[in-house]
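Work through the exercises below with the sequence and the model open. Each task is followed by a solution in steps.

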Amino acid sequence: MLANLQRHLPARNSTLRDDTVSESVRYGLIGCGMMGQEHLRNIALLPGASVTRIFEPDDNMAQASLALAPVAQRALGLAEVVLADDVDCLVITSPNFRHAEQLREIARLRALPVLLEKPACTALHDVASLAELGRAYPAPIWVAMEYRYMPPVVRLAEEVYSQVNIGPMRMLAIREHRFPFLVKVGDWNRFNQYTGGTLVEKCCHFFDLMRHLTRSEPVRVFASASVAHNHLDEYYADGIPDILDNAFVILDFADGQRASLDLCMFAEGSRYQEEISVVGPKGKVECFVPGPGRFWPENLGPAPVPRLVLSPRNPKGPRELEVPVDPVALAAGDHNGSTLYQHQRFNAVVRGLGTVEVSLHDGLAAVVMGMAAQESARTGQAIDLTQGCYNLGVLLGENSSITSIGL
């Protein structure tokens, strides 16, 4: 039975010596803190790739970044990176609230291929203008949604798309039980005004996965959330942190599917950090993804291995498969190897050998879903994404708004 499951799984992610990633590509980084340094470690694994310019205002982070990219020069500003003759593409890993303004400045200066870390923006009023910018921008813009490229999620998606073992998707549930937000330079990630809110900053990944797996658009969202435990004993110039640390979110999609998100950010004792379940009329498929290996206690032995579980209705009998991640890719970041696999594809796009898989449109749609969820949690009311100020179709400049489903 396991062999039957194997036939319906996608090929393993490309190896580290992928021949399609061999030509020279020179990168400039805008912002290079914790996540930027993960990008540096993964770019270093791409044959022919180099980082030539880094703009990072914080001296400590700049020094750490230059140690990872010894041929790079530290730039004094964004323009110096964008206009440099030895830069072929850009990676934006600055704090969330800088993304929109920096993307606009890049568009004014020089239209280079861009890998933009999520979220694409943090304010609703930026969505429509960025969507317009994306339609006019003459070079590729790829929004970094690493979770799409985690090997167990890739395999779950293939199972969902094939419909062989579960049939058409009807229900999707995503659970993330994890550690609290880490410390960032200037503590910007403690406040909604800088992050966009937890359901934007952290959860746009999951809202993107929902669109990716359902291949449909959300029409309604309801959320219940609070600040229950984390950071309540911290105090900054902006006051006590106001970022949510737990939430339940339910979404209806235009094609009739329903999805839920269960988030808890004080549950790092869990064996698996993410659990994703998809149910159709023929069965259920689940994947289980551990958190960063560096957080797994040594006294507990080796870190958990990702798993895929297929549970058919007839004949009953769950079938389980381990989905190991290349240890080099795993060691290069905190996202189960996905940052490398994402970079392989973006690198190919820069060289004209691939197409953008996560567009600015996709990134903005996930942001709007997160913002609507934040508003629902604030007001206690469901938010309609087909009308009003969270009308997804209007915000993204589509020809017609998305049609709501009936309940």
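**Exercise 1. Salt bridges**

Task: State how many salt bridges the model holds, then find where Arg148 and Asp208 lie and whether each is buried or exposed.

Solution. The model is predicted. Counting every side-chain nitrogen of Lys or Arg within 4 Å of a carboxyl oxygen of Asp or Glu gives 22 salt bridges.

Step 1. Arg148 and Asp208 form one of these, with N and O 2.7 Å apart. Arg148 is in the loop between β6 (141-144) and α7 (151-162), while Asp208 belongs to helix α10 (residues 204-214), so the pair links parts that are 60 residues apart in sequence.

Step 2. The cut-off for buried is under 20% relative accessible area. Arg148 has 9% and is therefore buried; Asp208, with 0%, is buried as well.

**Exercise 2. A second pair and a network**

Task: Locate Lys202 and Glu176, and decide whether each is buried or exposed. Then list which residues are joined into one network by salt bridges that share partners.

Solution. Step 1. The closest N and O atoms of Lys202 and Glu176 are 3.3 Å apart, and the two residues form a salt bridge. Lys202 sits in the loop between α9 (198-201) and α10, and Glu176 in strand β7 (residues 171-177), so this bridge ties together parts 26 residues apart in sequence.

Step 2. With a relative accessible area of 4%, Lys202 is buried. Glu176 is buried too, at 0%.

Step 3. The network made by shared partners consists of Arg148, Asp208, Arg211, Glu217 and Asp362.

**Exercise 3. A pair at partial exposure**

Task: Give the N to O distance for Arg98 and Glu101, and classify both residues by accessibility.

Solution. Step 1. The side chains of Arg98 and Glu101 meet in a salt bridge at 3.5 Å, N to O.

Step 2. Partly exposed covers the range between under 20% and over 50%. Arg98 is at 35% relative accessibility and so counts as partly exposed. Glu101, at 41%, also counts as partly exposed.

**Exercise 4. Backbone exceptions**

Task: Find which peptide bonds leading into Pro119 and Pro315 are cis or trans, and say where these prolines lie. Then examine phi at Gln163 and His231.

Solution. Step 1. Most residues other than glycine have a negative phi, and most peptide bonds are trans.

Step 2. The bond from Lys118 to Pro119 is cis, with omega near -10°. Pro119 is in the loop between β5 (114-117) and α6 (124-136).

Step 3. From Asn314 to Pro315 the bond is cis, with omega near 0°. Pro315 is in the loop between β13 (307-312) and β14 (319-322).

Step 4. Gln163 is not a glycine, yet its phi is positive, near 60°. This residue is in the loop between α7 and β7 and is partly exposed, with a relative accessible area of 37%.

Step 5. His231, likewise not a glycine, has a positive phi of about 65°. His231 lies in the loop between β8 (218-226) and β9 (246-253) and counts as buried at 9% relative accessibility.

**Exercise 5. Helix α13**

Task: Compare the span of α13 with the expected value, count its buried residues, and name what follows the helix.

Solution. Step 1. Helix α13 covers residues 360-379, which is 20 residues. From first C-alpha to last it reaches 28 Å, close to the 28 Å expected at 1.5 Å a residue.

Step 2. Of the 20 residues in α13, 15 are buried, and the helix is mostly covered.

Step 3. Gly380 follows α13 and has a positive phi, near 80°.

Key. Residues numbered from 1 in each chain as written. Predicted model: local features only at pLDDT ≥ 70, side-chain atom pairs only at ≥ 80, totals over all residues. Heavy atoms only, no water. Helix = DSSP H or I, 4+ residues; strand = E, 2+ residues; numbered from the N terminus. Expected span 1.5 Å × (residues − 1). Buried < 20%, exposed > 50% of the residue type's maximum accessible area, 1.4 Å probe, protein only.
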